[in-house]
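Take a look at the fold below. Follow the strands first, then the helix, then the core.

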Amino acid sequence: MSANTSSPSDFLKAVLGRPVIVKLNTGVEYRGILASLDGYMNIALEQTEEYVASELKNTYGDAFIRGNNVLYISTQKRRTA
């Protein structure tokens, strides 16, 4: 019925190399550039920022997140500084 036939896999391929927000089951968010991910949803981010309760807590160059901790991945608008 829907004209939108894209899959989650298509979305993830489209956002590689772009800014994303990764929310964990604990509620912590990581924002950064999606460098890679595998079939288990293990994620590598670059230029990563850690947010707890919407407050910036830490910054990391690279971060690796185990897939079973991920609640969702969404796109992030590019910052204009």
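Strand 2 and strand 3 pair in the antiparallel sense, over 7 bridges. Across from E49 in strand 3 stands R31. The model is predicted.

Now widen the view. The open sheet has 5 strands in the order 4-3-2-1-5, with antiparallel pairing. Strand 4 and strand 5 stand at the edges. Each has a single partner strand, so one side of each is left without a neighbour in the sheet. On average, neighbouring strands are turned by 25° against each other, direction ignored. Strands of a sheet pair through backbone hydrogen bonds, either parallel or antiparallel.

Next comes the helix. Helix 1 lies across strand 1, strand 2 and strand 5. Helix 1 runs at about 60° to strand 5.

What fills the largest nonpolar core? It has 13 residues, and V22, I43, L45 and I65 touch the most other members. The table lists the elements that give two or more residues to this core.

| Element | Residues |
|---|---|
| Helix 1 | 8-15 |
| Strand 1 | 19-24 |
| Strand 2 | 29-37 |
| Strand 3 | 43-52 |
| Strand 5 | 70-75 |

The largest share of the core, 3 residues, comes from strand 1. In soluble globular proteins, nonpolar side chains tend to be buried together.

Which residues does L45 touch, not counting those up to four places away in sequence? Among them are V20, V22, Y30, G32, I33, L34 and A35. L45 also touches G61, D62, A63 and I65.

Terms used
Residues are numbered from 1 along each chain as its sequence is written. This is a predicted model: local features need pLDDT of at least 70, side-chain atom pairs count only at pLDDT 80 or more; totals for chains, interfaces and linings use all residues. Side-chain values use heavy atoms; hydrogens and water are left out. A nonpolar core is a set of buried Ala, Val, Leu, Ile, Met, Phe, Trp, Tyr and Cys residues joined through side-chain atoms within 4.5 Å. Buried means under 20% relative accessible area, exposed over 50%, partly exposed in between (1.4 Å probe, protein chains only). Helices (H or I, at least four residues) and strands (E, at least two) are DSSP runs, numbered from the N terminus. Contact means heavy atoms within 4.5 Å. Two strands pair if DSSP finds at least two bridges between them. Axes are lines fitted to C-alpha atoms, for helices over the stretch in contact, and angles run from 0 to 180 degrees between N-to-C directions.
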